[in-house]
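Here are my notes on this one, written as I went through it. Have it open beside you and tell me where you read it another way.

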Amino acid sequence: MLKKKFLKSKPVCKVTFSLPKEAVETAETVKIVGDFNEWNIAEATEMKPLKKGGFKTVLDLETGK
């Protein structure tokens, strides 16, 4: 799931990426890549595990991309 929050003070959008437990099954780590890091796995952002078993991370991304 994606959740976006646009900031009025900066040209930045806070994007929350989350995956429920059912989507990750037995994964111990989850990393996210995309246009924002040129799909470079070496620069992937590791998502934080949640107590309920899913994963979540928040990224500040440039607005309009």
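1. What does the accessible surface of the chain come to, and what share of it belongs to carbon and sulfur atoms? About 5400 Å², with 54% of that belonging to carbon and sulfur. Keep in mind throughout that this is a predicted model.

2. Overall picture. The chain has one helix and six strands, and reading from the N terminus the elements go β-β-α-β-β-β-β. Along the principal axes, the C-alpha atoms take up a box of roughly 40 × 25 × 15 Å. Of the 65 residues in the chain, 28% are buried. Looking at contacts with a separation of 6 or more, 48% come from residues 24 or more positions apart.

3. The sheet. Four strands make an open, antiparallel sheet, ordered S1-S2-S6-S5. S1 (2–6) and S5 are the edge strands; each has a single partner strand, so one side of each has no neighbour in the sheet. As a reminder, strands of a sheet pair through backbone hydrogen bonds, in a parallel or an antiparallel way.

4. S6 and its partners. Strand S2 (residues 12–19) runs antiparallel to S6, and eight bridges join the two. S5 (residues 48–49) also pairs with S6 in the antiparallel sense, over two bridges. Lys56 is worth a click: Ser18 has Lys56 as its bridge partner in S6, and Lys48 has Lys56 as its bridge partner too. For Pro49, the bridge partner in S6 is Phe55.

5. The S5–S6 hairpin. Five residues lie between S5 and S6 in this hairpin, and Gly53 in the turn has a positive phi of about 105°.

6. The two faces of S6. In a regular strand, side chains alternate between the two faces of the sheet. Strand S6 (residues 55–62) shows it well: Phe55, Thr57, Leu59 and Leu61 are on the covered face, while Lys56, Val58, Asp60 and Glu62 are on the uncovered one. So the Lys56 that partners Ser18 sits on the uncovered face, and the Phe55 that partners Pro49 sits on the covered one.7. The core. Which residues make up the largest nonpolar core? Ten in all: Cys13, Val15, Phe17, Val24, Val30, Ile32, Met47, Phe55, Leu59 and Leu61. S2 and S6 are the elements that give two or more residues to this core. Phe55, Leu59 and Leu61 are core residues that also belong to the covered face of S6.

8. Leu59 up close. Leaving out residues up to four places away in sequence, Leu59 touches Cys13, Lys14, Val15, Phe17, Ile32, Phe36 and Thr45. Among them, Cys13, Val15, Phe17 and Ile32 belong to the core.

9. The loop between S3 and S4. Glu38 sits in the loop between strand S3 (31–32) and strand S4 (45–46), with a positive phi near 55° in a residue other than glycine. Trp39 is in the loop between S3 and S4 as well, and its phi is likewise positive, near 55°. Are these two buried or exposed? Glu38 is exposed, at a relative accessible area of 72%, and Trp39 counts as exposed at 56%. The cut-off for exposed is over 50%.

10. Asp35. This residue is also in the loop between S3 and S4, and at 64% relative accessibility Asp35 counts as exposed. How far is Asp35 from Gly54 in space? The two are 23 Å apart, C-alpha to C-alpha, with their positions 19 residues apart in sequence numbering.

11. Lys8. Look for Lys8 in the loop between S1 and S2, where Lys8 is exposed with a relative accessible area of 88%. Lys8 and Ser18 are 10 residues apart in sequence, and in space their C-alpha atoms are 24 Å apart. Ser18 is the residue that has Lys56 as its bridge partner in S6.

12. Charges. The chain has 13 positive and 9 negative charges, and the mean positions of the two sets are 12 Å apart.

Definitions and conventions: Residues numbered from 1 in each chain as written. Predicted model: local features only at pLDDT ≥ 70, side-chain atom pairs only at ≥ 80, totals over all residues. Heavy atoms only, no water. Buried < 20%, exposed > 50% of the residue type's maximum accessible area, 1.4 Å probe, protein only. Pairing = 2+ DSSP bridges. Contact = heavy atoms within 4.5 Å. Areas by Shrake-Rupley, 256 points an atom, 1.4 Å probe, with all protein chains shown as cover. Lys, Arg positive; Asp, Glu negative; His and termini not counted. Charge placed at Lys NZ, Arg CZ, Asp CG, Glu CD. Core = buried A, V, L, I, M, F, W, Y, C linked by side-chain atoms within 4.5 Å.
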